[in-house]
Structures are given as C-alpha cells and as structure tokens.
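Visitor: I am new to reading protein models, and I would like to ask how the words used for them are justified. Could you take me through one, giving the reasons as you go?

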Amino acid sequence: MGFLRNRAGVIIVVAIGIAIVAFLLSDAIRSGQGFIADSQSEVGKVAGEAISYKDFNEKVEQNSQQFKAQMGSLNGQMMSYVVENTWNQTVSGIILKQQTAKLGLTVGQAELFDLLFDNPSDQVKQIFTNQQTGQFDRATAINSRKSADTDPSGQMKAQWVALEDNVQQQRINEKYINLVKNGVYVNSLDAKDDYTNRNKLVNFDYVFTDYGAVPDAEVKITDTDYKDYYEKNKYKFKNATETRSFEYVAFDAAPSKQDTLDTKMKMSKITDGLRTSTNDSLFVAINADTKAPLVYQKKGQLEPALDSVMFSAGNGFIYGPYFSNGAYKVAKLIDARVSPDSVKARHILLNPATEGGADKALAKADSLKKLIQGGADFAKLAAQYGTDGSKDKGGDLGTFGRGAMIPQFEDAVFNGSTGQLMIVSTQFGVHLINIQSQIGSSKVVKVAIVDKALAPSSSTEQVAYQKAQSFLSTVSNATQFNENAQKEKLNKLVGEDVGPLQSSLPGLEDARNLIRWVYKTDEGKVSDEIFDIGDKYIVAVLTKVKPEGTLSLEDVKKQIEPEVKKAVQAKVLKEKFEKATAGASSLTQIAQKLGTSVVPVENVVFANPVIPGVAQENKVIGSIFGSQPNKLSKIVEGDRGVYVYTVKSFTNPPALSNVLKVKEQLEQSISQQVDAAVFEVLRKKANIKDDRAKFY
C-alpha cells in the first residue's frame, strides 16, 4: 500500500499547479484577455486529438519529480529534456492507441491480472520490488490493490486505475509491434541477393580527379546553377518545424580585474583566520560559499591540487589561496590517520519525537546498550525498538565505505573498534551502534576548505547593463542594429535556425527566455528588453523566419552553396574528361592526358561501397557492379570527384549452401528496426501540431 501512497506528493503538487492555472484562467476571462483559453489551452494536436495544457503539464510535473529524485535538481536544459521526453511519450501514446483501437487489440481481465501480479510488467516490478530482497512482492501488490477500493480519499484508486491503464496500453502496443514483426518476410531471392552483395568481389582500375583540384578562378556559380540544384533536390529541404535566426550583441558582465583583486584580498584575510582557527567546522560554515561537513577522505577523493600535498603534510598545514572551478580556495589539514577502508555495522535507531524528547531517547539507548552488554540479543532488540527499515534485518546495515553514511555516524564507526557499542545522535535520531567488523586500512585526511566564488560586483554588472541599455535605446530596427553595432565595434553573434523549444546556444547555456521572445516577435524587430543570461546582457534582432514545410531557394542558398560549387566543379572536370576520353582506348591514355595515373583496386564488395584511400562512393561502385569487364566506362560524377574506370574481373562467391540461415539473419536484422521504423512512419502520417513553445 505504501508504495503507491508515497507517490501521492506528486499528485498534490500537480493539483496545486492546476488550481493556480484555474485561478489565472478565471481572472483572464473576467478581464477580457484570455491567458490560456479555448484553443490556446492546447499544447498541440496529434492525428486530430487535442492535448490540453492541463493534462500535459501534469505529466511534465510527474516526470520532473522523477528526474529530480534521480538528479537532485533541474536546470533549464534538464527541464527542456523533460518536456521533450514527455511530448514524445504523449505523441507515441496517442498514435499507437489510435492504431491499436482500429485493429481491436485488447487485454482481457485474466491477462491484466497476470501482468499485474503473476508475470508483472517492468513498471509494476519497479513499484512493488522489496528493497531488502530485490524480489517482486506479490502479496504487497495484491493487498495494495484491494486497499485501493476502500481508500476513502480515492487517491490510491486513481493511482491504480492509471497504473492498470498504462500496463494495458503497453501490452497492447507490444501486440501491435509483434503483428508488424510477424509480417516481416524474407524470401530466398532476398537471401541470395544479400549473400551476393556481401561476397561478390570486383577488381577494377580507375582514373580520378578530385573536385578540389579545380581552381576557384574556374568556378563561376550562377543563379541558374543554384536553381538547377534546388529543383533536383527540393525533397531534401523540408523543414519539420519552423525555425528562426537572429543576431545579438552581448555585453560582458564577467568579473573585472578589480573584482578579482577584491576577492583575493578577502581570501588573504580568510587564510589568516583559518590558520589560527580553533573551531574549523564553524569557520568553514561561516566563511565558505560551499557549505560542506568536514569528513575524512581517501587518496584520490580530494581535488588534484590538494591530493598531491595533503597526504604528506602535517596537521595544521595551509595550502593556498588557489583558484579552482571559478572560485578562490584555501585548505587546512585538520587531521590525518590510518583508517579502515570499510565497516560492517548494525544499529537501533530511536526517534526522539516518539520517545518524548532527545534526553529520553538517549536514556533508552543507554538502557538497551546495558541489556546487550548483559547478553541480550541485538537483532531481537532492533526488531522490537528500531524505527527504520533495517529493523526487519536485525538492524543490519551491511558493509559500507566512507561517504555512505552521514558524517557523525561515519566518524563513529570508522574511528571506533570492532565489537564496540556506542550511542550517537544524528539528524535522524539516536543510534545505538554495534561495529561488527572493520576491513582493510588506508591513510585518510580531514581537510577544511573555504571557497569564495569569483563573481562580478554590482558595479561591474551595472556598467555592463548600462552599456546594453545605451545600445538598445539607439536601435529600433534591424538596419539601426547593424549600423550601431558596427559603429561601436561590437561583435555581432548569430543564433541560426533555432528551434521553438531550444533552451541553449553556444556560449549561452540558459537562453530559453531569449528564444521564447524570438518566437513571439516579427522579422526585423529588435528586442524590447535586455536579456540577462549567465554573465552577459543580450540585445537581439530577429533576422529570419523559416516556415514549416519545403523551404525556398533563398532560405537554403547558403546551405547548398558547397554542393552547388561541387556541381559546377563537376561540369568543369567533366569537360576535361570528355576531351581526355575522346579517341582514347585505355585508361592509361586518359590518365596521360589528364596528368594523373591509373589506380588499381581489388576485392571491393557491393555492400561496402568504399574506394580505398578516397571515400565512400555509392554511385561509382553501383555503376561498376553493373558494368561489363574490360570495357572503358562512361564518365561518372562521384561524391569526391569525377571517375573513369575499367572492370578487370568479378569473383563470384561459392553457391549459397544455407539459404535458411541467411533468411533468419536478415529477418532478425529487419525486425530489430521495426519498432523505430513503424513509429516514424505513423508519426509522419499523424499530422502533428506542436504548440509547446507557447507554454514552456
């Protein structure tokens, strides 16, 4: 029961979020300005099915909570990942649900019971796995399901309904994919073709000139060249989603020389204070930017600058100040000793709140200690009086190394002796600890580190902001933006083809607010605000909007320039090759006219179309395998240059003896691609509308 109930906190958070949205919505209606009303309350639409902001945001909140549990916190990039992952889950869920409904695929009650309790799905296993045994706890799962029907709050019932729906749909999706996989078929001709393509060898000679050999003076690219290439390759230029490009100038608010000098002076005083300190833990807590308990650490656990000196220094040794990871630091060796590498221990944890206070908890721990010293069974007392999960194992905590426990507990067990009973108070309560064994020994050190981040002062930030504001006040359109940036000799940077949900740019890690503005403004508009990103103040102008769908020639002109240039180079080389091949009867004659040489190649297979020392040349190798031996080929425009070749011989492989084995291998290879391929096809046909950028 507890497994699902423990997740109720996520639902409460979501409920609060929904209440806030409802409040804002009602307020917006009253004021006549819709906040997220009607169609604006949708984050998208998939195959005609609308996705409401409320439902989608609930999933985002749930996934965020899970991500936080694993990572500890969420920054802008992580949040973007969560939103993207949630979107993909939602889209795939809608698409597959519609497809499976069309086929009438279902999961019966008996099958569902099996998936929940007898052969549980991975999702059910994750929830109801016993943490001590690592095994699925069927009894707990069944009891939880029974309790859900009588839970007066209705929360457990709602959670179980959601779980059952997920398990059913997952199983239905598996059935759908398996149906598709069962439709995969490889016949004998397919098997023989694959075998031949992988094993038939060709030996050939060729003459080749690289496109790069054409001097730039001979490359005259015209508008017709661009248009010809664009028309032939228009299918390549489909924008899956709208993208936008913008230019921006950044006013740096990084720490100045004076900021650095001030921080160094602070660290000089801190160093003197740390040197004479008699309470190093308190000194660190008061003066360090990074508050951390002082613990013993092994060789290799300290940062390299300290690791190389602290293990050979004497107590009280001061190292620094030194600069590391954006901060000035000073370190003091408090103690060094030889200590166990790991400890096996057990404990009885008493909760002061339920014992009537810390004094009573300590007194009870002392009474239990005396009972154990008098011969009482530690494990039985742990089971009777313990208040944490270890009580069911006689208080056993297993074997652990340094860093696994909180500092007070760790110091006690690593500095004590085998067999010792001790009472220790921590943030979790009062522990009666028994050290069962100590394993290994290594030198460890306790080091106090005080750090001060090198950060810009308010005056430094103010100067940078005033520069940004001064620039912004003089520009109202793209022309003025460019003119003034040039006049003030500002470095203009570009955010090119930025997607609507992108969260970062090179050099700008958390640029979500800037990108959100980019998608709300019009082409040619200058930002009406200054964006504070990291240690920079940004002023931007939107320069280009590329719509969803097939892009225009103008939109892709810069992108296709290298390929258009290659096509023009190919024309130049082809003319030279045509002159060289006119009247020639051998590759040697052609090579002499071109001032190059004939290159022999052996044992190339169709399935690996690589010309050794040149590149992968699909078109050239494909042409070779369709040629007759001992005949001079036509001129072939490859990926790297222009070729003429002569096939010397083909070597056919032995007859395929085991067609069945090759068929099985091919079917297996194709089946492994089914999941992704099927979804990609369905996704393209689903007519997906993505409006997440309005909300995230």
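Guide: Let us start with a term: helices and strands are DSSP runs, of at least four residues for a helix and at least two for a strand, and they are numbered from the N terminus. In this model, which is predicted, serine 256 has its place in the loop between strand S5 (243-252) and helix H11 (257-276).

Visitor: What makes serine 256 count as partly exposed?

Guide: Buried means under 20% relative accessible area and exposed means over 50%, with partly exposed in between. Serine 256 has 25% relative accessibility, and therefore it counts as partly exposed. Its C-alpha atom is separated by 9.8 Å from that of serine 459, although these two serines are 203 residues apart along the chain.

Visitor: Why is threonine 209 called buried?

Guide: Threonine 209, which lies in strand S3, has a relative accessible area of 17%, and because buried means under 20%, the word applies. Leaving aside residues up to four places away in sequence, threonine 209 touches Leu573, Phe577, Gly641 and Val642.

Visitor: Where do Leu573 and Phe577 belong, and which other residues are buried there?

Guide: Both are among the buried residues of helix H21, which also include Asp555, Val556, Ile560, Val564 and Lys566. The elements that cover the buried residues of H21 include strand S3 (201-210), helix H10 (223-232), strand S16 (536-546), helix H22 (587-594), strand S21 (636-637) and strand S22 (641-651).

Visitor: How do you know that H21 falls short of the span of a straight helix?

Guide: Helix H21 (residues 553-581) has 29 residues, and at 1.5 Å a residue a straight helix would reach 42 Å, whereas the end C-alpha atoms of H21 are only 36 Å apart. H21 also bends by about 65° at glutamine 559, with proline 562 following within four residues. After H21 comes glycine 583, which has a positive phi near 80°.

Visitor: How do you know whether the span of H4 agrees or disagrees with what is expected?

Guide: The 28 residues of H4 should span 40 Å at 1.5 Å a residue, and because its end C-alpha atoms are 41 Å apart, the span agrees. Just after H4, glycine 104 takes a positive phi of about 70°.

Visitor: What can be said of H24 in this respect?

Guide: H24 has 27 residues and reaches 36 Å from its first C-alpha to its last, which is close to the 39 Å expected at 1.5 Å a residue. H24 nevertheless bends by about 50° at valine 674, and valine 674 is one of its buried residues, along with others including Val659, Leu666 and Phe679. These buried residues of H24 pack against H4, H8 and helix H9 (188-199).

Visitor: What makes a positive phi worth pointing out?

Guide: Most residues other than glycine have a negative phi, and most peptide bonds are trans. Alanine 47, in the loop between strand S1 (42-46) and strand S2 (49-52), has a positive phi near 50°. Lysine 489, in the loop between helix H19 (478-487) and strand S14 (492-498), has a positive phi of about 55° although it is not a glycine. Asparagine 687, which follows H24, also has a positive phi, near 55°. As for peptide bonds, the one from glycine 320 to proline 321 is cis, with omega near 5°, and proline 321 has its place in strand S7 (residues 318-324).

Visitor: Why do alanine 47 and lysine 489 get their accessibility labels?

Guide: Alanine 47 has 32% relative accessibility, between the limits of 20% and 50%, so it counts as partly exposed. Lysine 489 has 77%, which is over 50%, and therefore counts as exposed.

Visitor: How are the residues that line the second largest pocket divided by kind?

Guide: The lining divides into eight nonpolar, three polar and 14 charged residues. The second largest pocket has a volume of about 880 Å³, and of the 25 residues that line it, the closest to its centre are Ala240, Thr241, Glu548, Ile688 and Asp690. Helix H4 (76-103), helix H20 (512-518), helix H24 (659-685) and strand S23 (689-690) each supply at least two residues of this lining.

How values were computed
Residues are numbered from 1 along each chain as its sequence is written. This is a predicted model: local features need pLDDT of at least 70, side-chain atom pairs count only at pLDDT 80 or more; totals for chains, interfaces and linings use all residues. Side-chain values use heavy atoms; hydrogens and water are left out. On a 1 Å grid over the protein atoms alone, a cavity is a set of points where a 1.4 Å probe fits but cannot get out, and a pocket is an open set with protein on both sides within 12 Å along at least five of seven lines; lining residues have an atom within 4 Å of a point. Grid points are joined across faces, edges and corners, and a volume is the space filled by probe spheres set on the points. Ala, Val, Leu, Ile, Met, Phe, Trp, Tyr, Cys and Pro count as nonpolar, Asp, Glu, Lys and Arg as charged, and the others, Gly among them, as polar. The expected span of a helix is 1.5 Å times one less than its number of residues. The bend at a residue is the angle between axes fitted to the seven residues ending there and the seven starting there. Buried means under 20% relative accessible area, exposed over 50%, partly exposed in between (1.4 Å probe, protein chains only). Contact means heavy atoms within 4.5 Å.
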